Amino acid sequence: MTIAVVLAVGATLGAAPAKVPSDSDLAVVRLDPAPAAPGGTTTVHGFVANLGPDRTASPFTVLIELPAGFTFQGPYFPTGCTASGGGHLVHCTFPAGLPPLRSAAVLAPVLVGRDVPPGTKAEGHVRVFGLDDRHPENDSTPITLAVSAK
């Protein structure tokens, strides 16, 4: 009797069954930003592909992390992206529905600190997190931020 009551209450309250993740594979593609001079700007591209075979059934988040000396400066694309960590992190959440063999991109402008010496090469990271991911080994890649002469 207790089980029947619980089921009836769940049905009355409109309890929805949990969504099942799709058979898709989110992969980060490495794209290093163009070099920039101290005090200048460049753009980090967080590029994620769905290697399939299914459309994503769950939202996913792209996280981009910068090293010291580099700071994110909005506006970002897509516009729902937010910065945190003193301007060293940007995260963007994409809705479910990315088709197989299609991509999603984040464009995040970066300011190079005036005190970062020309010739510096520093490592940042781009990562993707999603319930639909079948292969975590391709969910992250380093990116190289290079500082050019003025």
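These are my notebook entries on the fold, the surface and the disulfide of this protein chain, which I looked up in a predicted model.

Entry on the fold. I began with the secondary structure and found that the protein chain comprises one helix and nine strands. Following the sequence, I read the order as α-β-β-β-β-β-β-β-β-β, with the helix ahead of the strands. I then turned to the contacts between residues at least 6 apart in sequence, and noted that 76% of them join residues at least 24 apart.

Entry on burial and surface. I looked up how much of the protein chain is covered, and of its 150 residues 37% count as buried. For the exposed area I noted about 8,200 Å², of which carbon and sulfur atoms supply 64%.

Entry on the disulfide. I searched for disulfides and found one in the structure; the bond joins C81 to C92, with an S to S distance of 1.9 Å. About the S-S bond I noted 120°, and the link of C81 and C92 is right-handed. I then asked which parts of the protein chain this pair ties together. C81 sits in the loop between strand 4 (70-72) and strand 5 (82-84), whereas C92 belongs to strand 6 (residues 89-94), so the disulfide connects parts that are eleven residues apart in sequence.

Entry on the two cysteines. I also wanted to know whether C81 is buried or exposed, and with a relative accessible area of 6% C81 is buried. For its partner, C92, I noted 2% relative accessibility, and C92 likewise counts as buried, because the cut-off for that label is under 20% relative accessible area.

Notes. Residues are numbered from 1 along each chain as its sequence is written. This is a predicted model: local features need pLDDT of at least 70, side-chain atom pairs count only at pLDDT 80 or more; totals for chains, interfaces and linings use all residues. Side-chain values use heavy atoms; hydrogens and water are left out. Helices (H or I, at least four residues) and strands (E, at least two) are DSSP runs, numbered from the N terminus. Buried means under 20% relative accessible area, exposed over 50%, partly exposed in between (1.4 Å probe, protein chains only). Contact means heavy atoms within 4.5 Å. Accessible areas come from the Shrake-Rupley method with a 1.4 Å probe; for residues, only the protein chains shown count as cover. A disulfide is a pair of cysteine sulfur atoms within 2.5 Å.
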